[in-house]
Amino acid sequence: MSFALGLTGSIGMGKSTTAQMFVDEGCALWDADAAVHRLYSREGAAIAPMRVAFPDAVIDGSVSREVLKQVIAQTPAALKQIEAIVHPLVAADRAAFREQTTADILVFDIPLLFETGGDVAMDAVACVSIPADTQKRRVMVRGTMTEAQFEHIRAKQMPNDEKCARSDYVIVTDTLDHARAQVQDVVRQIRAGLADA
Ligand SMILES: CC(C)(COP(=O)(O)OP(=O)(O)OC[C@H]1O[C@@H](n2cnc3c(N)ncnc32)[C@H](O)[C@@H]1O)[C@@H](O)C(=O)NCCC(=O)NCCS
Ligand SMILES: Nc1ncnc2c1ncn2[C@@H]1O[C@H](COP(=O)(O)OP(=O)(O)OP(=O)(O)O)[C@@H](O)[C@H]1O
């Protein structure tokens, strides 16, 4: 039996970077955002339903995130419609990974873990955290979103404090070295628990 560790945190707080650190420690990783990328790419399972709901967003056989962001900016309710299409497909992808993967620790990098109730399927949850001003700066530096798009996404997410309070582990992503040390500590604790079981 593998240990399922949910890895969550608000936009730009350092989930992907931290997830790679778990991989470096020998954990297997499933990444919800990467699953969405697969679903949106050519032949992806989201193409057909997205073509029906948002015909302009399917360009050359794949979903254009730029078009989707424009659609959401004009009609914020569109995000709910997108989620209704995408989230069941993401859940199926995650279930397949869980069935097929053998590693002692499976890490599930899921931005909306608490928001979608996915935490109940995890053995433990780790949340990445940094102050809000650092979060915003890091997302703006990335240059993939306007400030309005960032604020819209952030407003939709559970507040960071609440996520941290509900998590078994909090990983502060202020520096890479500090985050890595905390990841190693979490992995040590989980492996010690598995050895005792
Ligand atoms: C809104 C979209 C077009 C933005 O695309 P873009 O490439 O700019 O950003 P990316 O996908 O890398 O997401 C960045 C971050 O935004 C946050 N985010 C994305 N979708 C959502 C959402 N529906 N609700 C709240 N936060 C979200 C997450 O923290 C994510 O890590 C895209 O995220 C999307 O299609 N989202 C709907 C699917 C979804 O809910 N994905 C979340 C993981 S299942
Ligand atoms: N421990 C850390 N120390 C310093 N910088 C970090 C750390 N972790 C992440 N970062 C930086 O913060 C930014 C956001 O990190 P990352 O992409 O991992 O966040 P994310 O939570 O996966 O984002 P999103 O939710 O938007 O997908 C990146 O520029 C990354 O280099």
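Here's a quick briefing on the surroundings of ligand 2 and on the main nonpolar core. The model is predicted, so local features need pLDDT of at least 70 and side-chain atom pairs count only at pLDDT 80 or more, while totals for chains, interfaces and linings use all residues. Residues are numbered from 1 along each chain as written, chains are lettered from A and ligands numbered from 1 in written order, and side-chain values use heavy atoms, leaving out hydrogens and water.

**Around ligand 2**

- The shell holds 16 residues, each with a heavy atom within 4 Å of the ligand.
- Gly14, Lys15, Ser16, Thr17 and Arg142 come nearest.
- By type, the shell splits into four nonpolar, seven polar (Gly counts here) and five charged residues.
- α1 (15-24), α6 (132-142) and α9 (176-196) each chip in at least two shell residues, and α1 gives the most, with three.

**Polar contacts (N or O pairs within 3.5 Å)**

- A side-chain N or O atom of Ser16 sits 2.6 Å from an oxygen atom of ligand 2.
- Thr17 also has a polar side-chain atom 2.6 Å from an oxygen atom of ligand 2.
- For Leu176, a backbone N or O atom is 3.2 Å from a nitrogen atom of the ligand.
- Taken alone, ligand 2 exposes 630 Å² (Shrake-Rupley, 1.4 Å probe), and the protein buries 75% of that.

**The largest nonpolar core**

- This core has 33 residues, which are buried (under 20% relative accessible area, 1.4 Å probe) and joined through side-chain atoms within 4.5 Å.
- Trp30, Tyr40, Met50, Ile82 and Phe108 have the most contacts inside it.
- α5 gives the most to this core, with seven residues.
- Domain 1 (1-27 + 104-197) and domain 2 (34-102) both contribute, so the core lies between them.

Technical notes
A polar contact is a pair of N or O atoms within 3.5 Å; within protein, one must be able to donate a hydrogen and the other to accept it, and residues adjacent in sequence count only if both atoms are side-chain atoms. Helices (H or I, at least four residues) and strands (E, at least two) are DSSP runs, numbered from the N terminus. Buried means under 20% relative accessible area, exposed over 50%, partly exposed in between (1.4 Å probe, protein chains only). Domain bounds come from an automatic or database domain assignment.
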